[in-house]
Amino acid sequence: MAQTEPAEDPGELPYRRHGIPALGFENYWYPLLLAREVGRRPKAARLLGRDIVLFRDAGKLFALEDRCPHRGVKLSLGACEYRNSGTISCPYHGWVFDGASGRLVAALMDGPDSPITRKVGVRSYPVREHAGMIWLWPGEMAPTALEDDVPEWVGDQNRFFSIPMYTDYRCNWRALVDNWGQDHHAQYVHRSSPELLFQPVLPFALTLEPTVLPGNKGIAFKRSGGMTSAEFPGLGRFPNNEWWRVMKPTGRGNVRGFQESKAHRVYGIRNQSEVWLPGLVVVGRLSGEYALIQWAVPIDAGTTRCFNINNFRRLGRWREMLDRVHYWLWRGWAHDRIFSDQDKVLVEALVPGPERLSRSDVGVIYWRKFAGANARRPDRPAEAARDVA
Ligand code: FES
Ligand SMILES: [Fe+2]
């Protein structure tokens with residue numbers, strides 16, 4: 001029987017030409033878990049399709065490949081049996097691995113003189129705790145400083161504090177970052193979210209000017225122009241007469257003053273929203289007292305961890321308490337749940353296949369070109385901006 005070529009995965013089509021991999025750009029730091037989720041008891045996780053076990057011992061944090069090379073059992077089912085040794089023991093035949101190097105230091109059922117000891121090992125991953133989160137480097141390249149990949153105000157404990165949370169989406173990470181690429185869905189989709197329900201629908205059909213950020217970290221989107229309502233022939237007006245939209249706009253889309261805003265001075269954010277490599281969006285508020293990161297963390301090809309890092313400026317003890325209460329009573333619910341879930345439903349409903357892009361997709365196209373051309377890779381470690389126009 002004649003062999004046939006496997007059919008091309010239609011979900012790959014829009015990304016293949018830009019070189020954006022299904023499992024994510026591997027040579028970056030990623031937030032993976034909340035710090036409190038990892039203790040002495042081994043914790044299983046997955047990142048960029050790799051199964052990883054994390055544990056703490058002797059005051060240190062370790063991350064190893066989650067598969068025992070002996071007969072393949074998951075190390076995460078094992079235990080840190082020898083306290084303060086920085087090791088983890090496989091639950092099947094007691095092979096014991098060093099957390100830092102991944103080397104086999106003992107094979108308990110093979111005896112203390114086992115010749116296999118120190119001859120085999122598992123992969124160990126660079127891992128850090130920072131700002132209440134566990135960060136992991138899944139790549140083959142030597143890790144960069146964590147600070148190269150994370151905005152400096154995350155973890156600057158003297159000036160800011162963070163409230164991180166995450167939700168797992170059943171979609172590929174690329175769909176989530178495209179969703180953040182200023183594709184003009186927000187005015188349509190989120191107009192019914194609690195945050196925007198009483199505000200006029202934001203201008204749509206905006207002009208979008210993407211600019212590359214210094215250090216080639218990502219893109220800032222400057223928005224201007226647009227209309228807040230229009231007549232569509234044969235249909236009528238959009239938006240319809242919605243009398244309850246009585247509030248004033250909050251300043252979203254107010255790009256004229258952004259470079260002079262506190263958000264720019266405090267957080268260094270340009271033009272309200274920026275999309276960074278390897279796949280995160282940074283959103284500032286004009287007040288300069290709050291900024292949000294949403295990070296698309298590829299778990300595997302069909303799962304993405306949407307990591308929300310809510311960041312607040314420290315403005316005294318009482319204000320911090322108020323900010324935390326406000327987050328738990330309002331923002332955490334209104335944004336991190338309701339608003340984000342409106343996106344979740346849609347990106348999980350994407351059916352892979354060819355796309356017909358329109359003029360509102362300028363940001364998406366620009367992001368894809370930028371990401372494919374600029375992501376850190378072994379053959380491309382330089383940070384010089386590449387022309388993606
Ligand atoms: S499978 Fe791990 S020790 Fe045997
Ligand atoms: Fe959205």
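## Exercises on salt bridges and a domain interface

In this predicted model, the side chains of R319 and E289 form a salt bridge, with N and O 3.0 Å apart. Let's start from that pair and work outwards.

### Exercise 1: R319 and E289

**Task.** Find which elements hold R319 and E289, and decide whether each residue is buried, partly exposed or exposed.

**Solution.**
- Step 1. Place the residues: R319 belongs to helix α6 (residues 317-348), while E289 sits in the loop between β16 (280-284) and β17 (290-300).
- Step 2. Look at the sequence: the pair ties together parts that are 30 residues apart, because its two members lie in that helix and that loop.
- Step 3. Check accessibility. E289 has a relative accessible area of 18% and is buried, since buried means under 20%. R319, at 29%, is partly exposed.

### Exercise 2: E147 and R128

**Task.** Work out what the salt bridge between E147 and R128 ties together.

**Solution.**
- Step 1. Start with the distance: the closest N and O atoms of E147 and R128 are 3.4 Å apart, which fits the 4 Å limit for a salt bridge.
- Step 2. Assign the elements: E147 is in helix α2 (residues 146-149) and R128 in strand β8 (residues 127-130), so the bridge joins parts 19 residues apart in sequence.
- Step 3. Add the surroundings: E147 is partly exposed at 47% relative accessible area, and R128 is partly exposed too, at 32%.

### Exercise 3: A network of charges

**Task.** Starting from K74, find which residues are linked in a network of salt bridges.

**Solution.**
- Step 1. Recall the principle: side chains of opposite charge can pair when their charged atoms come close.
- Step 2. Take K74 and D66, whose side chains meet in a salt bridge of 3.7 Å, N to O. K74 is partly exposed, with a relative accessible area of 36%, whereas D66 is buried at 3%.
- Step 3. Take another pair, D300 and R46, which form a salt bridge at 2.9 Å, N to O.
- Step 4. Put the pairs into the network, which links R46, D51, D66, K74 and D300. The whole structure has 22 salt bridges.

### Exercise 4: Where the domains meet

**Task.** Describe the contact between domain 1 and domain 2, and find which strand gives the most residues to the domain 1 side.

**Solution.**
- Step 1. Set the bounds: domain 1 covers 24-128 and domain 2 covers 157-374. The contact draws on 14 residues from domain 1 and 17 residues from domain 2.
- Step 2. Gauge the separation and the area. The domain centres, taken over C-alpha atoms, are 37 Å apart. Between them the domains bury about 1300 Å², with 68% of it on carbon and sulfur atoms.
- Step 3. Count the polar links: the interface has 1 salt bridge and 6 residue pairs in polar contact.
- Step 4. Turn to the strands. On the domain 1 side, β1 (30-34) and β2 (43-47) each supply at least two residues, and β1 gives the most, with 5 residues.
- Step 5. Sort by residue type: the domain 1 side has 10 nonpolar, 2 polar and 2 charged residues.

### Exercise 5: The setting of S273

**Task.** Decide whether S273 is buried or exposed, and list which residues S273 touches beyond four places in sequence.

**Solution.**
- Step 1. Place S273 in strand β15 (residues 273-276).
- Step 2. Read its accessibility: at 6% relative accessible area, S273 is buried.
- Step 3. List the contacts: Q182, I219, A220, F221 and V282, leaving out residues up to four places away in sequence.
- Step 4. Add a distance: the C-alpha atoms of S273 and A291 are separated by 9.8 Å, and the two residues are 18 residues apart along the chain.

Conventions: Residues are numbered from 1 along each chain as its sequence is written. Chains are lettered from A and ligands numbered from 1 in the order in which they are written. This is a predicted model: local features need pLDDT of at least 70, side-chain atom pairs count only at pLDDT 80 or more; totals for chains, interfaces and linings use all residues. Side-chain values use heavy atoms; hydrogens and water are left out. Helices (H or I, at least four residues) and strands (E, at least two) are DSSP runs, numbered from the N terminus. Buried means under 20% relative accessible area, exposed over 50%, partly exposed in between (1.4 Å probe, protein chains only). Contact means heavy atoms within 4.5 Å. Domain bounds come from an automatic or database domain assignment. Buried area is the accessible area (1.4 Å probe) that two parts lose on being put together, summed over both. A polar contact is a pair of N or O atoms within 3.5 Å; within protein, one must be able to donate a hydrogen and the other to accept it, and residues adjacent in sequence count only if both atoms are side-chain atoms. Ala, Val, Leu, Ile, Met, Phe, Trp, Tyr, Cys and Pro count as nonpolar, Asp, Glu, Lys and Arg as charged, and the others, Gly among them, as polar.
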